[in-house]
Amino acid sequence: MSLTDGGTAASVIAALAIVAGLAGVVVPGLPALPLCWGGVLVWALFGGAGPGRWAVLGAATVVAAAGAVVKYAWPGRNLKRTGVPTSSLLVGGLLGLVGFFVIPVVGLVIGFVGGVWGAERLRLGSNQLAWPATVQALKAAGLSMLVEFLAGLLVAALWVAGLLLT
């Protein structure tokens, strides 16, 4: 195998995109599932694999689309049930993004928690009510990340199976 071979180069690029996508679950700015799916797309188009590559791409498309829907719907439903408004999550997300650049990596969590807590403190008026809402928002964010990561892993597993079987 040589990197000058088009199929090998496409497979390496696909692998790098999938790894970057999996890292994108926790790194702001990297679209996790689109990167994973894009890696499979590059492999299917340029990898030189057999006709099974289209089945792998189709399955990866279904998994990535389902993961994208579930990552918002499931945690969102849980937050609606507990009464945490979207505005609190937006404040937390914005401060998390700012925190990521002010205090690399750890600032994301600190900013998100602080932003949600601050928004809920202003909305509810007491620390005793703001903290449970913040915990619910953290659980929802964790669930969303878990769903996205598992969908990305499933896309990666489909690609590896396709790579080995086609």
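Which side chains meet in a salt bridge at 3.0 Å, N to O? I put this question at the head of my notes and went through the model, which is a predicted one, with that pair in mind.

**Entry 1, salt bridges.** I looked up the salt bridges and found that the structure holds two. In one of them the side chains of K71 and E148 meet, with 3.0 Å from N to O. This pair links distant parts of the chain, since I find K71 in helix α3 and E148 in helix α6, 77 residues apart. I then checked the accessibility of both partners and noted that K71 is buried and that E148 is buried as well.

In the other bridge, I see R123 joined to E120, and the closest N and O atoms are 2.7 Å apart. Both residues belong to helix α5, where three residues, about one turn of the helix, separate R123 from E120. Are R123 and E120 buried or exposed? I noted R123 as partly exposed because its relative accessible area is 43%, and I entered E120 as buried because its relative accessible area is 0%.

**Entry 2, the aromatic pair.** I searched next for paired rings and found that the structure holds one aromatic pair. F100 and F101 form this pair in an edge-to-face arrangement, with 5.3 Å from centre to centre and 85 degrees between the planes. For accessibility I wrote down F100 as buried, because its relative accessible area is 16% and the cut-off for buried is under 20%. F101, by contrast, went down as exposed, because its value is 62% and exposed means over 50%.

**Entry 3, T134.** I located T134 in helix α6, and I counted T134 as buried because its relative accessibility is 1%. Which residues is T134 in contact with, once its neighbours within four places in sequence are left aside? I listed V113, V116 and W117 as these contacts.

**Entry 4, the largest pocket.** I turned last to the largest pocket, for which I have a volume of about 1,000 Å³. Its lining is made up of 32 residues, and I marked G93, F112, A141, S144 and M145 as those that lie nearest the centre. Which helices each supply at least two residues of this lining? I noted α3 (52-82), α4 (86-102), α5 (106-124) and α6 (127-165). Sorting the lining by class, I recorded 21 nonpolar, nine polar and two charged residues.

Key
Residues numbered from 1 in each chain as written. Predicted model: local features only at pLDDT ≥ 70, side-chain atom pairs only at ≥ 80, totals over all residues. Heavy atoms only, no water. 1 Å grid on protein atoms, 1.4 Å probe; cavity = no way out; pocket = protein on both sides within 12 Å on 5 of 7 lines; lining within 4 Å. Points joined across faces, edges and corners; volume = space filled by probe spheres on them. Helix = DSSP H or I, 4+ residues; strand = E, 2+ residues; numbered from the N terminus. Nonpolar A, V, L, I, M, F, W, Y, C, P; charged D, E, K, R; others polar. Buried < 20%, exposed > 50% of the residue type's maximum accessible area, 1.4 Å probe, protein only. Contact = heavy atoms within 4.5 Å. Salt bridge = Lys/Arg side-chain N within 4 Å of Asp/Glu carboxyl O. Phe/Tyr/Trp six-rings, centres within 6.5 Å; stacked < 30°, edge-to-face > 60°.
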